[in-house]
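This report describes the fold of one protein chain and then turns to one helix and to several points of unusual backbone geometry. The sequence and the structure are shown first.

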Amino acid sequence: MKVLLFGGAGYIGTHVALAFQKRGDTVGIYDNFSSGLRDNIIPGSVVYEGDILNKDQLKAALADGWDAVVHLAAFKAAGESMTRPEKYSLNNITGSLNLITECVSAGVKGFVLSSSAAIYGEPTYLPIDEEHPKNPENYYGYTKLAIERHLEWYDKLKDLRFAALRYFNAAGYDSNGDMMGLENSPANLIPVVMEAAVGKRDTLQIFGDDYDTKDGTGVRDYVHVTDLAEGHVMAVDYILANDESITVNLGSESGLSVLEILQESRKVSGREIPANFVGRRAGDPAKLVATSKKANDILGWYPKYSSLESIIKSTWDVYKKNFNL
Ligand code: WQD
């Protein structure tokens, strides 16, 4: 099968590329390299430098004939989306609509969207299933929801079958260290902890210790990126084989607190990792945990690498190598 990954040079994209290539598929990588890394591109991939805002570049890449595409080219910084919404409406909404319409013109049959738990907003019940109310708390989450809604129409009107994969907190690295690319100036917890571990950052600021959780710090559903990647392969197979669109959560269903992540990181790295408590971050819910029962039942998807130990060790291994420790 031929699969073209938009945003395929990013953190998740490179792991998705690896999963498809491991089973013998032809993988294309389409990326503007604004944050994706050429070093991460798997040998043997067909590479297109392009932007989802450039229709000519989209047409040229899609003209090579692809059975399915995976859309990983949206911007994803929730905080930034609240201060620079125009950046997110242009890339995430206009860019995604460009991509969807060009895929239809090119006769692409399957479209996998990297969606997000951010579309749900503050949980009204836990664990979160796919029917949970969708009230995104940030503009980034709204853009992901908007793309899902457009895909629902294109499924009806143009028979574009899609899989919307609602990631919870993506984490970890490929276990044999093939992926070395680190995110520049990360905001997510685990890379921030690792930067404090290697001394690139003075301290980890823990946003709040007074939440109604096991230890007062925020609890999230961390899912290993290799588990996520395998979910993409299963999703492409499913929508093409069944000519049916699906929307599923991809989460580990285990809730880990900030302090649990910090303590495991100190244990695995053997480093002190300075940390201090500060006030809550606006928009942060106390706890976000998924049920992935729908993905289990429909795709046969079960996380295999998402234990706390596996996530922290695979991440530390990459930071250790990058900083020659
Ligand atoms: C996790 C926990 C923070 C940083 C975000 C996006 C979401 C998705 C995943 C793309 C929270 C705490 C964090 C720090 C801290 N992205 N924290 N100090 O906010 O759950 O989700 O990434 O799909 O859309 O919103 O992830 O890693 O920022 O926070 O205490 O320096 O760690 O309060 O409890 P989040 P996160």
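In this predicted model, 54% of the 325 residues of the protein chain count as buried. The exposed surface of the protein chain amounts to about 13,700 Å², and carbon and sulfur atoms supply 50% of that area.

The overall dimensions agree with a compact globule: for 325 residues such a globule would have a radius of gyration near 20 Å, and the protein chain has 19 Å. Along the principal axes, the C-alpha atoms fill a box of roughly 55 × 45 × 40 Å. The secondary structure comprises 10 helices and 13 strands. Among contacts with a separation of 6 or more, 76% are made by residues 24 or more positions apart. As for charge, the protein chain carries 33 positive and 43 negative charges, whose mean positions are 1 Å apart.

**Helix H6**

Helix H6 spans residues 189-198, and 10 of its 10 residues are buried, so the helix is largely enclosed by the rest of the structure. Its buried residues include Leu189, Ile190, Val192, Val193 and Met194, and also Pro191 and Glu195. Which elements surround these residues? The buried residues of H6 pack against three strands, E7 (169-171), E8 (204-207) and E9 (219-224), and against two helices, H8 (258-269) and H10 (308-322). Just after H6, Gly199 takes a positive phi of about 90°.

**Backbone geometry**

Most residues other than glycine have a negative phi, and most peptide bonds are trans. The sites below depart from this pattern.

| Site | Backbone value | Location |
|---|---|---|
| Leu126 and Pro127 | cis peptide bond, omega about -5° | Pro127: loop between E5 (110-116) and H5 (139-158) |
| Ser185 | phi near 35° | loop between E7 and H6 |
| Ile273 | phi near 55° | loop between H8 and E12 (275-278) |

Are the two residues with positive phi, Ser185 and Ile273, buried or exposed? Ser185 has a relative accessible area of 65% and is therefore exposed, as the value is over 50%. Ile273 has a relative accessible area of 2%, which is under the 20% cut-off, so this residue is buried.

Two of these loops adjoin elements already described. The loop that holds Ser185 lies between E7 and H6, and E7 is one of the strands against which the buried residues of H6 pack. The loop that holds Ile273 lies between H8 and E12, and H8 is likewise among the packing partners of H6.

Conventions:
Residues numbered from 1 in each chain as written. Predicted model: local features only at pLDDT ≥ 70, side-chain atom pairs only at ≥ 80, totals over all residues. Heavy atoms only, no water. Helix = DSSP H or I, 4+ residues; strand = E, 2+ residues; numbered from the N terminus. Rg over C-alpha atoms; globule rule 2.2 N^0.38 Å. Buried < 20%, exposed > 50% of the residue type's maximum accessible area, 1.4 Å probe, protein only. Contact = heavy atoms within 4.5 Å. Areas by Shrake-Rupley, 256 points an atom, 1.4 Å probe, with all protein chains shown as cover. Lys, Arg positive; Asp, Glu negative; His and termini not counted. Charge placed at Lys NZ, Arg CZ, Asp CG, Glu CD.
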